[in-house]
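Me: I'd like to go through this model with you and ask how each label is earned. Shall we take a look together?

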Amino acid sequence: MIRRKIGVVAPGSRVSPQVAPRVLALAANLYPNRTPEILFHPQCHAAHGHFAGDEATRAQAFLEIANDESYDAVWFARGGYGACRVAEAILDGLTAPARRKAYLGYSDAGALLAGLYGIRFEAVAHGPMAEDILRDGGEAAAGRALAWLVDAAPETLEPSIGRAKTAAFNLTVLSQLLGTPLQPDLDGHVLMLEEVSEAMYRIDRALFHVTSNAAIRRVAGIMLGRCNKIPPNEPDFGMTEEEVARYWCERSGIPWLGRADIGHDIDNKIVPFGNCGHARRTD
């Protein structure tokens with residue numbers, strides 16, 4: 001599927017002013033003869049304390065893009081925090097045109113990805129956001145996102161994708177969604193998890209919470225993405241993130257399926273939700 005018009009919104013934190021011009025320039029360079037139309041909603045640059053505008057403003061901006069028949073995709077501008085505060089208002093306001101779009105984001109955006117997937121939207125994916133372009137080498141991440149948004153390019157996908165159902169989340173975000181109306185039904189899915197800037201004891205605690213959930217114990221297995229920028233633990237925790245993940249998988253009876261090529265970095269691959277792939281064991 002070829003998508004020509006992409007709307008960018010920020011349901012959480014506001015976006016750096018350098019992002020839009022850099023993304024537009026990259027798109028023009030990558031697609032000189034068929035440059036997609038990319039519109040950054042003005043809300044992306046609004047400010048209301050921590051957030052990109054107040055909750056009504058953020059929800060309205062998302063709905064304006066999602067419910068507009070002329071758009072083909074909704075791209076999350078960045079993560080940060082705040083999507084959970086507007087998710088239910090957004091889900092309640094979606095209309096038929098919203099179902100025909102693709103949605104791409106990760107990290108804090110996982111709250112909305114979970115909600116969209118929960119109401120059976122078919123083109124929801126975990127992957128790079130617009131602000132990733134500001135990372136060192138970030139054009140690679142933004143270019144990968146555009147390749148999926150514009151052409152659904154298969155080379156953008158996490159390499160284990162095959163025939164089974166898949167989903168991917170930031171570990172902390174998924175942990176916070178459990179027991180809420182946004183908790184997704186992941187029965188039979190290969191669940192990929194990544195983390196950033198959390199100490200090992202917090203990663204351990206979040207994995208305890210996730211793997212203890214009765215519904216999560218019905219997943220097909222867990223794959224662990226990269227856990228970046230782990231601050232030092234005092235005293236040393238004594239286990240790596242993989243050792244911790246293996247421990248909780250074994251203790252909960254959830255199959256350990258190895259590592260996933262996702263994370264808060266420029267190498268973050270795209271994981272579509274649903275019947276998009278078969279995860280092969282990597283160990």
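Me: What makes the largest nonpolar core a core, and which residues have the most contacts inside it?
Reply: Happy to start there, keeping in mind that this is a predicted model. A nonpolar core joins buried nonpolar residues through side-chain atoms within 4.5 Å. The largest such set here has 87 residues, with Phe40, Phe62, Trp75, Leu94, Tyr103, Phe169 and Leu191 making the most contacts inside it. Helix H5 (residues 138-151) gives the largest share, seven residues. There is also a second, separate core of nine residues, Ile161, Met223, Ile262 and Val271 among them.

Me: What is Leu94 in contact with, leaving aside its neighbours within four places in sequence?
Reply: Its partners are Phe62, Leu63, Ala66, Asn67, Leu116, Ile119 and Phe121. Of the residues in helix H2, Phe62, Leu63 and Ala66 are buried. Cover for the buried residues of H2 comes from elements including strand E1 (5-9), helix H3 (83-93) and helix H4 (110-118).

Me: Why is Cys44 called buried or exposed?
Reply: Buried means under 20% relative accessible area, and Cys44 has 0%, so Cys44 is buried.

Me: And why is Cys84 put in its accessibility class?
Reply: Cys84 has 35% relative accessibility. Partly exposed lies between 20% and 50%, so Cys84 counts as partly exposed.

Me: How do you know how many disulfides there are?
Reply: A disulfide needs two cysteine sulfur atoms within 2.5 Å. The sulfur of Cys44 is 18 Å from the closest cysteine sulfur, in Cys84, so they are too far for a bond. The count therefore comes to zero disulfides.

Notes:
Residues are numbered from 1 along each chain as its sequence is written. This is a predicted model: local features need pLDDT of at least 70, side-chain atom pairs count only at pLDDT 80 or more; totals for chains, interfaces and linings use all residues. Side-chain values use heavy atoms; hydrogens and water are left out. Buried means under 20% relative accessible area, exposed over 50%, partly exposed in between (1.4 Å probe, protein chains only). Helices (H or I, at least four residues) and strands (E, at least two) are DSSP runs, numbered from the N terminus. Contact means heavy atoms within 4.5 Å.
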